[in-house]
Amino acid sequence: MVEAIHLSTREEREQWLKEAHYNVFQLKAEQVYIDLLTDSGTGAMSDRQWSVMMLGDESYAGATSFYKFEAMVQRIFGMPYVIPTHQGRAAENVLFSLLVKEGDVVPGNAHFDTTKGHIEARKAKAIDVTCDEAHDTQAEVPFKGNVSLEKLEKVLTENKGKVPFMVLTVTNNTVGGQPVSMRNIKDTCDLCHQYGVPVVMDSARFAENAYFIKTREEGYADKSIKEIALEMYAQADAATMSAKKDAIVNMGGFIATRRKEWFDGAKMFCIPMEGYVTYGGLNGRDLNAIAQGLDENTEFDMLDTRIRQVRHLAERLDEYGIPYQRPAGGHAIFVDADKVLTHVPKEEFPAQTLTCELYLEAGVRGCEIGYMLADRDPVTRENRFGGLDLLRLAIPRRVYTDNHMDVVAAALKNVYDRRETVTRGVAIEWEAPLMRHFTVQLRRL
């Protein structure tokens, strides 16, 4: 379907953003012209997905929809045990409730905010082991999402007996939607298993990662996306997935594993947290839609069309000289706020400030993936300023046209052209102790 969008005035946006405490999550949807806040649950389902929804079996236990869903997950990921959940962070909550305890250490290639939050809420420590190339936004490196095997081995060596698993995120959202190579996936799994440490793959955008393996890594050009996906997961012990991304549904997720003891243990947390193990907080029609979406979005043409639109936006930004994490990722463009708002000190959150400036310019809503999202160190309570500070422009699947992307690029150019006039950022007035960026309240300085 299509829906009307309405262009507001600068004065209206000034007032709306002030009422939202300069946090774009708090804006009302009708106050947004083009919404690039997230690609999670915002895609448009296909005619085939809508048709299978009409066949949803809403039985409480053992519904036919669950078995269709289970069979598709098994086919694509090659893992026999499957538990549905209502979204990806719910899958983490269920699995981590079983596996993570106080004092544990969980390495990963730049854990996303919910993943890190679930670890730190259990008084464990998340350690980033992403390759150093990820931190140079202008370097044209094909697999910036890769794990640094040296960093990983250091964590495994120094924390023997304290690492319940390693999180391998494909694609790596926190460093700009960057993919992980097949070679690195295999090497990471091999290294972890040498130390007796299982690997859990955060799989929200696994199909886009498979696309980049096919198009960038030697030896995979003639393989199908489904063949590549199976190979990606062949050595992993489990997967958590937000189906709201690469299964192109509005809600849903799952845990898949080849470890029966994890499956049996996780079921005991699924039932009180999510619902019975054959529906996991989802309707039967949702399970049908996820199965169909997984099948569709592991075909090359679907992914190629989607990723070319991301590339189209990148090409417009190239024309305007606007710096972003290169090369363009699969689901979003990540603008390097530190290189745009050079007069705004890191203590005043440049990417959050740039997010506000873009909204005020044209009603375009992006999302800060940077210092605000990084939260505070759980021990020192100091802000974590060590990573990248990015404005993410996440493109919903099958929703906007290239003309919308041109409008976004033009709006960002206008902000970029007046960047020298933006000399102050924002300050925190109130924040939650965990995953603060969703609800933080700010003031302009």
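Which residues in H14 meet which residues in H15? Let's start there, and please keep in mind that this is a predicted model.

On the H14 side we have Leu354, Glu357, Leu358, Glu361 and Ala362, and the residues they meet in H15 are Ala411, Leu412, Asn414 and Val415. Sorted by class, the contact between H14 and H15 has six nonpolar residues, two charged and one polar.

Now for the geometry of that pair. Two packed helices are described by the distance between their axes and the angle between those axes. Here, H14 covers residues 350–362 and H15 covers residues 402–417, and their axes come within 9 Å, crossing at roughly 115°. As for handedness, H14 passes H15 in a right-handed crossing.

If you stay with H14 and turn to its other partners, you'll meet a sheet. H14 lies across E9, E11 and E12, and it runs at about 45° to E12. Those strands form an open sheet of three, in the order E9-E12-E11, and the pairing is antiparallel. So which strands sit at the edges? They are E9, residues 332–336, and E11, residues 367–369, each of which pairs on one side only. From one strand to the next, the twist averages 35°.

Let me zoom in on one of those pairings. E11 and E12, the latter being residues 390–394, run antiparallel and are joined by three bridges. If you'd like a spot to click on, find Cys367, which stands opposite Arg392 in E12.

Right, let's move to another part of the chain, around strand E6. This strand spans residues 199–202, and its side chains split two ways: Val199 and Met201 point one way, while Val200 and Asp202 point the other. Are these four buried or exposed? All of them are buried, Asp202 included.

What does E6 pair with? One partner is E5, residues 166–169, which pairs with E6 in the parallel sense over four bridges. Between the two strands we can bring in a helix: E5, H7 (residues 182–194) and E6 make a β-α-β unit, and this one is right-handed. Another partner is E7, residues 238–242, which runs parallel to E6 and is joined to it by three bridges.

Met201 is a nice residue to finish on. Leu168 stands opposite Met201 on the E5 pairing, and in E7 the bridge partner of Met201 is Ala239. Remember, too, that Met201 is buried and points the way Val199 does.

That's my tour, thanks for listening!

Conventions:
Residues numbered from 1 in each chain as written. Predicted model: local features only at pLDDT ≥ 70, side-chain atom pairs only at ≥ 80, totals over all residues. Heavy atoms only, no water. Axes fitted to C-alpha atoms, helices over the stretch in contact; angles between N-to-C directions. Left-handed = near helix turned anticlockwise from the far one by under 90°. Contact = heavy atoms within 4.5 Å. Nonpolar A, V, L, I, M, F, W, Y, C, P; charged D, E, K, R; others polar. Pairing = 2+ DSSP bridges. Buried < 20%, exposed > 50% of the residue type's maximum accessible area, 1.4 Å probe, protein only. Right-handed = clockwise from strand over helix to strand, strands pointing away.
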